[in-house]
Amino acid sequence: VSDHPYRHRPGFADWQRAVAAIDAAEVDPVVAFPFQIAPCDAVATAGSCFAQHIARNLAARGLRHFVAEPAHPFLQPDVAAEYNYGIYSCRYGNVYTTRQLLQLFDRAYGRFTPVEDVWEAADGRLVDPFRPRIQPGGFTSRAEYALDREQHFAAVRRMFETLDYLVFTLGLTECWRAREDGAVFPLCPGVSGGTFDSARHEFLNLDVAAITSDLEAFLDRLSRVNPRARVILTVSPVPLVATAEPRHVLESTTVSKAVLRIACDTVTRRHAHVAYFPSYEIVTGPHARGRYFDGDLRSVTETGVQHVMRVFFRHAVLGAPPDTATAPPGPSPDDAAADAFLAGMERAVQVICDEEALRS
Amino acid sequence: MLTSVAIVGHSHTPSILKALSDGPRSFTRPGGLHVAAVNLRELMPGLGLTTRDVTRLDPSAPPALHPAVSAAIDGCVVPGSRVYVVSMIGGNSHNVLGLFRHERPFDFVLPDASSLPIEAGAQVVPYSAMRSCLERRMRYERCTLDALRRQYPGPLLHLESPAPPRDDAFVADALDEFRSLSPDGTVVAAALRYKLWRLHSTIVRSFCDGYGITFVPAPAEALDADGYLARHACQDATHANAWYGGRLLDQIGAIVSSGHDDRRAA
């Protein structure tokens, strides 16, 4: 048998040895991850819905999930979650596309102010077109909307300027934008607020060049405000819920994920401070035999998520990380201080009330 | 026909008790109104119970008043009279959030008074999140109103708790003994005290609407032009005085004589 380049390739390059012959849960497609995240590093998260799993597990496994826009500690945890505090680093909701990420940056820094900047519901409540599901029922007044936006953008700037790592999960290529100024919405107008108007809104399916260009522009802007920032890109394994292209949703899913994956590959080859983490491959690879998808064939099971996070911690986190999620983190120092404060205030109110009762 | 007004509540009842002539727990007004009040903050400790015993909470049953509470209310009623029950239950949950500034100051925007000032440097919390937060803290208050309604199907009023004082110095003086509980001893801004009171009232009103209880707003003559409790009506940082209690009695008298809810009273 003559010699050839494949005879000397390492095990990870061989399908039989790296995928087919090993237990599905042990498949590990990461070969040489360039970063080692330390527990003290500030890790910010953004992206499509799969990014929520990553954000949740970073904290659960002991990393510092950098939340630049936290809930006030008076808010009970379930209320805070309902208002999208702590789901990602800031209250931007799902950032499905690279265009959305780029425009988020530009809006936070005042470089772009979309014309269609608020949607008014029939009951007078206000919806943010760029985070339409950020809180139940929307905003109750213009003043609240403006103040919240201002506060949100300040948090986004703080996040970009101080993060050590940004984990961004690319989810979609398909999106809807305003014809007038190109503002991209996370959801089609009319789905969760606003009104769809074909004269004002148009469908956009970002291609590899557009996504690559968005990512390059974003990386350039980020490095200007935070030269030490490093970026970890992942592609969401979650299929499209629907496609606006005149083709089958399965085909659109395949194209979208391929486009996103190629864009990631292109960008990571160009920049040493950008890495790709193969969440998509771990969940959708043939080794999983589809078992990492739930009954709806879209949602990723907790087993799938844990496989992703196990591999992530094995390669991307400094030290010997636990192989499974640790117990949920206890109350933060802020929460504990707030509890103590409120307990003190309750005591004070009790004493005042008792004194008042004696008066009678 | 004589009308009995049985007032029951916590620390806001002394304003009425004082107004009822500095001593007797009941009196009969000319015109056939017999008024008596139960201060749960006196009653419960006197029975070796706490204010958390006012309402019995059992996951498998509707909330129910402690028998001693209903007995005390029933004791306010002249047999054979028309009966009005008046609640001054709770009314202080908002003050837990609105006495001293937290180390992470917060504020929020009232939807119908959105031009009220926001405290500088404060985290703006969505109004609806603030409402959820406070509502959670008022679960017991809600259950007690529920229990009261279940026990007394006749006319039932709930009196709004007093507005906050506007004067920061007055509030700070009144809270002086608790200053050490606060990170910097600064009381929250008057506008935030006002907003918290309004939010509390909105929540209580929604409870009342749900249980068929008539919510009675604070007497207008006790408020200044901006809705704060007039200085001459203040007792301490969170309570009103006997003069205010007198205005409440006037309100109750007017409601009763208007024949309000007579159908229930029949």
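**The interface between chain A and chain B**

In this predicted model, a single salt bridge is counted between chain A and chain B. The salt bridge is formed by the side chains of D78(A) and R136(B), with a nitrogen-to-oxygen distance of 2.7 Å. Polar contacts between chain A and chain B, counted where both residues have pLDDT 80 or more, amount to nine residue pairs.

On the side of chain A that touches chain B, at least two residues each are supplied by α3 (77–82), α5 (142–162) and α10 (333–359) of chain A, and the greatest contribution comes from α10(A), with 20 residues. By residue class, this side of chain A comprises 22 nonpolar, nine polar and 12 charged residues. Taken over the whole interface, 43 residues of chain A are in contact with 50 residues of chain B, and the two chains bury about 4000 Å² between them, of which 61% lies on carbon and sulfur atoms.

As to the fold of chain A itself, the chain contains 10 helices and 10 strands. Its radius of gyration is 23 Å, close to the 21 Å that the globule rule gives for 360 residues, and chain A is therefore as compact as a globular protein of that length. Along the principal axes, the C-alpha atoms of chain A fill a box of roughly 105 × 55 × 45 Å. Of the 360 residues in chain A, 52% are buried, and among the contacts in chain A between residues at least 6 apart in sequence, 71% join residues at least 24 apart.

Conventions
Residues numbered from 1 in each chain as written. Chains lettered and ligands numbered in written order. Predicted model: local features only at pLDDT ≥ 70, side-chain atom pairs only at ≥ 80, totals over all residues. Heavy atoms only, no water. Contact = heavy atoms within 4.5 Å. Buried area = accessible area lost by both parts, 1.4 Å probe. Salt bridge = Lys/Arg side-chain N within 4 Å of Asp/Glu carboxyl O. Polar contact = N/O pair within 3.5 Å; in protein donor to acceptor, adjacent residues only side chain to side chain. Helix = DSSP H or I, 4+ residues; strand = E, 2+ residues; numbered from the N terminus. Nonpolar A, V, L, I, M, F, W, Y, C, P; charged D, E, K, R; others polar. Rg over C-alpha atoms; globule rule 2.2 N^0.38 Å. Buried < 20%, exposed > 50% of the residue type's maximum accessible area, 1.4 Å probe, protein only.
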